[in-house]
Amino acid sequence: MRLKDPLKSKQLRQGLQQLAEEGATQVFFPERSNDIILGAVGVLSARHHLIAAADASLAQTLIEAATIGIVQQRALRHSLQTTRQLQQALDSRVGIEQAKGAVAASLGCTIDDAFELLRAYSRTNSRRLTEVAMAVVRGLLPARHWRRPRHGSGPAAHGCAMRPTTATT
């Protein structure tokens with residue numbers, strides 16, 4: 001949780017102090033990473049006595065080490081997620097580029113027109129562009145699904161278009 005609000009931060013400190021005074025624990029240490037509180041660690045005791053300064057210092061050091069580990073784990077998890085997303089985007093882009101080339105070559109139209117055809121087919125048939133592109137690349141959406149129009153605008157005006165029917169894959 002982020003405690004940028006000074007009032008909430010004060011309430012947290014008061015709550016931890018109250019727990020310590022009630023004997024529930026001797027010391028509460030918030031685990032912090034900048035302004036993010038990751039949690040709180042309580043140092044419990046069976047007897048009601050104050051924690052020695054050396055013990056409190058050791059507890060704080062161990063908590064800081066644990067906090068570093070938690071923050072590093074979160075950063076690694078975020079990094080791995082970003083890497084997976086970027087790889088997926090790259091793989092999708094490669095498939096789309098291959099499909100654009102295949103459509104342009106088979107219909108004799110420009111790459112831009114081929115992309116517009118792929119996108120229009122994707123939208124018309126409620127399919128993801130990547131899915132349509134991969135079907136083209138794998139030969140599951142063959143040339144018979146493409147036709148040259150007689151007239152129109154956009155890619156059709158340049159000599160290439162796609163049939164509005166859904167292909168079976």
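Me: Is Arg93 buried, partly exposed or exposed, and what is its relative accessible area?
Reply: The model is predicted, and the value is computed from it. Buried means under 20% relative accessible area and exposed means over 50%. Arg93 falls in between, so the residue is partly exposed, with a relative accessible area of 42%.

Me: Which residue forms a salt bridge with Arg93 at 2.6 Å?
Reply: Side chains of opposite charge can pair when their charged atoms come close. The partner of Arg93 lies in helix 2 (residues 53-107), as Arg93 does, 4 residues apart, about one turn of the helix. This partner is partly exposed, with a relative accessible area of 34%. With the closest N and O atoms 2.6 Å apart, within the 4 Å cut-off, the residue is Glu97.

Me: Which helix holds both Arg119 and Glu116?
Reply: These two residues form a salt bridge, the closest N and O atoms being 2.6 Å apart. Arg119 is partly exposed at 29%, and Glu116 is partly exposed at 31%. They are 3 residues apart, about one helical turn, in helix 3 (residues 111-124).

Me: Is Arg127 buried or exposed, and what is its relative accessible area?
Reply: Arg127 forms a salt bridge with Glu131, with 2.9 Å between the closest N and O atoms. Glu131 is partly exposed, with a relative accessible area of 38%. The cut-off for buried is under 20%, so Arg127 is buried, with a relative accessible area of 12%.

Me: Which residues are joined into one network by salt bridges that share partners?
Reply: The count of salt bridges comes to 4. One of them pairs Arg93 with Glu97. Shared partners join these two and a lysine into one network: Arg93, Glu97 and Lys100.

Me: How many residues does the largest nonpolar core have?
Reply: In soluble globular proteins, nonpolar side chains tend to be buried together. Here Val103, Leu118, Val136 and Leu141 have the most contacts inside the largest nonpolar core. Helix 2, helix 3 and helix 4 (129-137) each supply at least two residues of this core. Its size is 17 residues.

Me: Which residues of helix 4 are buried?
Reply: Helix 4 spans 129-137 and supplies at least two residues of the largest nonpolar core. Val136 is among those with the most contacts inside that core. The buried residues in helix 4 are Leu129, Thr130, Val132, Ala133, Ala135 and Val136.

Me: What phi does Gly139 take?
Reply: Gly139 comes just after helix 4. The phi of Gly139 is positive, at about 80 degrees.

Methods. Residues numbered from 1 in each chain as written. Predicted model: local features only at pLDDT ≥ 70, side-chain atom pairs only at ≥ 80, totals over all residues. Heavy atoms only, no water. Salt bridge = Lys/Arg side-chain N within 4 Å of Asp/Glu carboxyl O. Buried < 20%, exposed > 50% of the residue type's maximum accessible area, 1.4 Å probe, protein only. Core = buried A, V, L, I, M, F, W, Y, C linked by side-chain atoms within 4.5 Å.
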